[in-house]
Structure formats: C-alpha cells, structure tokens
Amino acid sequence: MTPAQAIRDALVAAAVAFGLFVMLVGLRTEVGPEGGLILRQRWGQVALLCGIVFAGRLAITTLAGRRALQPSTAPGPWTDRLQRAGRLVAPALLAAALVLPFIPGIGRYELDIGILVLTYVMLGWGLNIVVGLAGLLDLGYVAFYAIGAYSYALLAQFFGLSFWICLPLAGILAAFWGVLLGFPVLRLRGDYLAIVTLAFGEIIRVVLLNWTELTGGPNGISGIPRPSFFGLPFSMAGGEGSFAGFFGIEPSPSHRVIFLYYVIFALALLTNWVTIRLRRQPLGRAWEALREDEIACRALGINITTTKLTAFALGAMFGGFAGAFFATRQAFISPESFTFIESAIILAIVVLGGLGSQVGVAIAALVMIGGFEVFRGLDEWRMLVFGAAMVVIMVLRPRGLVGTRTPSIALGEKRAIGGDLVGEGRG
C-alpha cells in the first residue's frame, strides 16, 4: 500500500470515528445550576479520539499492510502457543481461586469481586455449550438466569425450602424452559435464531415486570433466605446452633462471604467438569458436528432435534444454577437485574475468550468483569476503553483469545480448519 493510500484509508477511519463520537462524546447533557438540563460540548475530546484512530489506522496499514487487517481463520503461529500456555494457566488460575480468601490483604471487597467474576465464568461456560459447542447463537441467555433466580426466591418464600433443595429445582425448571425455547427454533439458523432468542429473553423480563401478584413486579422480591452450612446459619450473635458457635470462633460477616465464594467456585467447577466430560462423549461430538455443518449432520443420521434440545437444556440448567446463587447472594432480585445487557456481556465473554474454549472464557470473564472495577475511576470512559479493547482483540484474534475449531476427537491426525474451507461455508 502506497503512503497516499494509507493516509486516505486512515482519513476514512477517522471520519467514521467522528460520526460515532460526535453524539456519544461530543454532546453531553448535565444538570444546570437552576435544576434544568444543559448541553455541554466536548469537541476537544472528540478531536483527540479521532486523532488516535487516525494515527492507529495509519500505523497499522503502514507497518503491516492491508492484508493484516483482514481476519483469517487459518491457524496462526500464536494458536498453538496459547493452547500450550493454557495448560499451565488453567492450573494456576484454579490454585489462585482456591486460596484467594486466605491471601493476606484480601478483604470483603476483593471477595465480592471474586464472587462476581466466578458467577460470570459459570454463565460463560453455560452459554459456551449453546454457542461455542453447538453453534446456536443465543441472545436471550439471561432469561434462564432470571428463571433460576425467581424459582429459588419463590420456592424458598412460599414453601420454605432450603437453598440446597431449591438449587437443583431451579436448574431443572430453567432446563425445562430451555427445551420450550428449543422446540420453536429447531428450523431457524443464524440471524433468525438470534432474533427469536432475543425476543424470548425480553418476554421473560416483561412477564416478571408485569406479573406483580407473583413476582412483585418492578419492586422485586426481598428477604430471600441465605444458605446455611449444613444447617448452621451464619449469625453475628453467635451462640449454639450457629456456624461460629459450633466451631468455637468469633462471629464475623466474612464467614458468610467466604462460604458463598466457595459455593459459586464449586458450581463453576461442576459446570466445567460436566462440559469437558460431555464434549468427549457422542453427544458432545454431535454438538461440534452441528456447529460445523447442520446439513452434513442430517446426512450422517444425527438426530438434530435431540442435539439442539440437549444443548439448550444443559446451557439453561447451568444458567438456572447461577441464577439461584445470585438470588441467595443478593437476598433481593428484580427484573432490572436481567436486562439484555447481561446477555450481551455473557455472549461477549464467550466470543472474546474463544468459542468452545473453557480457559479462554474464564480469562475473558476475569478481564471483562474484573477490568470494569479496575477502570471504575474512568466513569463513562471505561465503556469506551472496553469497546476499543474488544475491537483490537477481534482484529488480532478473530477466533477469540484461545479460539480453535479443531474437533475434540478425530479419527487419525487432527487437522485445523483453514480459511479456504471456512470461505466455502464449511467452518
């Protein structure tokens, strides 16, 4: 590419950036001195952002050429390195998560962040079954998260059941709704499937918002019971019959937080273990075959109906488990906690981590959810920072951080799927 072409390309990128930032950054409404809204203009910041886009685009096109900007699905030199590194990173992350509550300097705030990250790791692994393994684009996964949360809250309040009894029931109910969603979309693919699943998530949220007699409507449900440690409640009063009294220790609010941390840690490990085991079973191989080519699956005699429904049901079940934990951790739920943005965040975690990659999803959840807290001081700019980071990752790693499309089990030698086959519709 000649210098003139590179400059013209960078100017086009800057013009596109200006069109995006002129309304998002350049104009901002604020509360004025008299209580009314005033419009504040920030054209200097818009010019700075456009300049950054221009310089970045010019540097990339000059140093690497236009071909480097075109994502390729052919195996690159970094794919094998990241996969080998994943074998070391996964045990390291597991060990760090296991001893996190006992690391010096770790307090209540860090444990709350750890619980939040593990919750999204579990949700990411659950959605990875549907999107990463079966190749079914689901934009309404938060619906199963909500079903699990409300199932536990209602069962605990109306029937007095404990968390450990309601947890499997919440998963079963979410799986049932996953099957109900799966039946109408058996013949849908791609964008049409995404639209239907998006509508399903919004239907569940609207029902929760308007069925005030059962769900409390916009007021939500409060006073949700907390889990106990084998029947021992975490009471600050201590005494006999409590966790602190039974073990003869000083009552502390951190005991319940640490217990909740290990509960979601165990649930996340269960999700990972089941996914890995199923991936190497005939059902998991059928999911991967469905992801690659549905027509070929039908020709081979694979039951497409069963394959799709099991993917939806299992993914929904783990979403229900996470929802039940969310309800007992917060002790309060409302429809505002289950909006479309939650589905978008979970899907972004799966895509950025790498479709089908367990380690990649965990790393993406740690970076995205933990990164939001690191950049909390940037206020509204942190969304712009994360958006730019996602664009960079998708340009440099279009398959995700640890993405691969090689089958889990292959007859003979494993072969990566190249970009030429993907261009023919086989990837």
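Visitor: Which helices are included in what covers the buried residues of H11?

Guide: This is a predicted model: local features need pLDDT of at least 70, side-chain atom pairs count only at pLDDT 80 or more, and totals for chains, interfaces and linings use all residues. Residues are numbered from 1 along each chain as its sequence is written, and side-chain values use heavy atoms, leaving out hydrogens and water. Buried means under 20% relative accessible area, exposed over 50%, and partly exposed in between (1.4 Å probe, protein chains only). The cover of H11 includes helices H4 (108-133), H10 (254-279), H12 (294-299) and H13 (304-330).

Visitor: Which residues of H11 are buried?

Guide: Helix H11 spans residues 282-292. Its buried residues are Gly284, Ala286, Trp287, Glu288, Leu290, Arg291 and Glu292.

Visitor: How do H4 and H11 cross, and which residues of H11 make the contact?

Guide: Their axes, lines fitted to C-alpha atoms over the stretch in contact, are compared by angles from 0 to 180 degrees between N-to-C directions. The H4 and H11 axes come within 8 Å and cross at roughly 50 degrees. That makes H4 oblique to H11 (under 35 degrees is roughly parallel, over 145 roughly antiparallel, 65 to 115 roughly perpendicular, the rest oblique). In this contact (heavy atoms within 4.5 Å), H4 gives Ile129, Gly132 and Leu133, while H11 gives Trp287, Glu288 and Arg291.

Visitor: How many helices and strands does the protein have?

Guide: Both are DSSP runs, numbered from the N terminus: helices (H or I) have at least four residues, strands (E) at least two. The count is 17 helices and four strands.

Visitor: Is valine 46 buried or exposed?

Guide: Valine 46 is found in helix H2 (residues 43-63). Leaving aside residues up to four places away in sequence, it touches Phe18, Phe21, Val25 and Gly26. Its relative accessibility is 2%, so valine 46 counts as buried.

Visitor: Which elements give two or more residues to the nonpolar patch?

Guide: A nonpolar patch joins side chains of Val, Leu, Ile, Met, Phe, Trp or Tyr within 5 Å, each residue with over 30% relative accessible area and no salt bridge (Lys or Arg side-chain nitrogen within 4 Å of an Asp or Glu carboxyl oxygen). Here Phe158, Phe159, Ile203, Val207, Trp211 and Leu214 form one on the surface, with about 640 Å² of accessible area together (Shrake-Rupley method, 1.4 Å probe). The elements are helices H5 (142-159) and H7 (190-210).

Visitor: How does tryptophan 211 count in accessibility?

Guide: Tryptophan 211 sits in the loop between H7 and helix H8 (212-215). Its relative accessibility is 47%, so tryptophan 211 counts as partly exposed.

Conventions
Patches are made of residues with over 30% relative accessible area and no salt bridge: like charges are joined within 9 Å, nonpolar side chains (Val, Leu, Ile, Met, Phe, Trp, Tyr) within 5 Å.
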